[in-house]
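Here is a short briefing to read alongside the model. Please have the sequence and the coordinates open as you go.

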Amino acid sequence: MTGWGQLSLRVQAALDRLAWGFGDLKRVLMEHGAWPAGAKVAVASDGARWSVTGHRLRKLSGSRKAVGLLMPEPECLWGSVQLPSMPRKALGGAVEEALWRVSPLPPDQIVAAWRAEPDAKGGWAVQWGVCRRSARDQLLAQHGLADDAAVFLVHQGRALPVRGKAWLQQRSRQGWADGAAIGLLLLLLVALSLPALMPLVLKRQAVVKAVEHVNMLVPKAAPLRQKMDELRRQADMAEDLRKNISTDLPLASVTDALSAVLPGDTWLDRIEINGNEIRMTGLTSNATELVAHLGRQPTLADVRATAANVREGQLNKERFTFEMRWRGEGAKP
């Protein structure tokens, strides 16, 4: 067998054991009145009335009408058999085959009841009981019960049902009762969980309303967003202007300073200021001395001639082009 087949068998065995466990738990709850179950009234061979719930027997007082029969333990033969691992649905046929081998009477002359439970070794442990069909028919006729009435075999104070027509009908009715009980438990669970879930529901509703409110405000906020963008652009422009103003040289101060340091025989044709860079052209008697003179001024730095000095014959002056850096009167130009 492949690994996948072995895994499938193990899963099936685990599910079968789990189903058996839930079924056995339900039977225990039924016997103690904690799960809805229809109790059957059965009559014993001595005429006493007993209530049968699950496998539990309780003696009743009075003469209530019986719908089932209790076969006394001395009339039955009991034993046990070990079955290998198999699906739970296959247990019925396997038990019938085992009873055919171990029963002292032919199968058509007996009625049987059995109960299986999982074995620790992986198989099934089956407890079985059989009685003569003729003894059952005699007691049914004695107590006026129908041939298809429910029959229970008594063993050690417990009642195991014979799996006949009455047992199938009882099983079907119990299935409906189980479904109703499970539905009621689910409704009760929902009712108990509502208070715990209500804050989450309210929070979700609040989030939904908030999103709807935001979606409603988005179209209305579009014009305001445009105005905010315009204000932000103007603020950026104002900041740039402020920075430029703080870094640009004061033209009047530069002009006054240059007028104070330039000799009287010098005049300017053009002056350009770019940041703290100054470029000027003009005429002077001696451009070399003028460069040296400007270089000694504390407000000027990096004084240099950027073009050759050309003497104007008619004016007896030298045309110059100087570039320099404004240092300013203080730390800030």
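The points below cover a strand and its partners, a pocket, some side-chain contacts and one loop residue.

This is a predicted model, so please read every value as computed from it. A good place to begin is strand β11, residues 277-284, which pairs with β10 and also with β14.

**Strand β11 and its neighbours**

- Is β11 mostly covered or mostly open? Strand β11 is mostly covered, with 6 of its 8 residues buried.
- On one side of the pairing list is β10 (residues 267-274), which runs antiparallel to β11 and is joined to it by 7 bridges.
- Within that pairing, R270 has T281 of β11 as its bridge partner.
- The connection between β10 and β11 is a hairpin with 2 residues between the strands. In its turn, G275 has a positive phi of about 70 degrees.
- β11 also pairs with β14 (residues 317-326), again in the antiparallel sense, and here there are 8 bridges.
- If you would like a landmark for this second pairing, look for R279, which stands opposite E323 in β14.
- As a reminder while you follow these strands, side chains in a regular strand alternate between the two faces of the sheet.

**The second largest pocket**

- How much volume does the second largest pocket have? Its volume is about 170 Å³.
- The residues lining this pocket are F22, G23, L25, K26, L29, W35, D178 and I182.
- Two elements, α1 (3-31) and α4 (165-247), are the ones that give two or more residues to this lining.
- Of the contributors, α1 gives the most, with 5 residues.
- By class, the lining of the second largest pocket holds 5 nonpolar residues, 1 polar residue and 2 charged ones.

**Aromatic rings and a charge**

- How many aromatic pairs turn up in a search of the whole structure? The search finds 1.
- W114 has a charged partner: the charged end of R163 sits over the ring of W114, 3.7 Å from the ring centre.

**A loop residue, S61**

- Where does S61 lie? You will find S61 in the loop between β3 (56-59) and β4 (68-71).
- Is S61 buried or exposed? S61 has a relative accessible area of 66%, and it counts as exposed because that value is over the 50% cut-off.
- For a sense of position, S61 and W50 are 11 residues apart in sequence, and their C-alpha atoms are 8.6 Å apart in space.

Technical notes:
Residues are numbered from 1 along each chain as its sequence is written. This is a predicted model: local features need pLDDT of at least 70, side-chain atom pairs count only at pLDDT 80 or more; totals for chains, interfaces and linings use all residues. Side-chain values use heavy atoms; hydrogens and water are left out. Buried means under 20% relative accessible area, exposed over 50%, partly exposed in between (1.4 Å probe, protein chains only). Helices (H or I, at least four residues) and strands (E, at least two) are DSSP runs, numbered from the N terminus. Two strands pair if DSSP finds at least two bridges between them. On a 1 Å grid over the protein atoms alone, a cavity is a set of points where a 1.4 Å probe fits but cannot get out, and a pocket is an open set with protein on both sides within 12 Å along at least five of seven lines; lining residues have an atom within 4 Å of a point. Grid points are joined across faces, edges and corners, and a volume is the space filled by probe spheres set on the points. Ala, Val, Leu, Ile, Met, Phe, Trp, Tyr, Cys and Pro count as nonpolar, Asp, Glu, Lys and Arg as charged, and the others, Gly among them, as polar. Rings of Phe, Tyr and Trp (its six-membered ring) pair if their centres lie within 6.5 Å; planes under 30 degrees apart count as stacked, over 60 as edge-to-face and the rest as tilted. A charge sits over a ring if NZ of Lys or CZ of Arg is within 6 Å of the ring centre and within 35 degrees of the ring normal.
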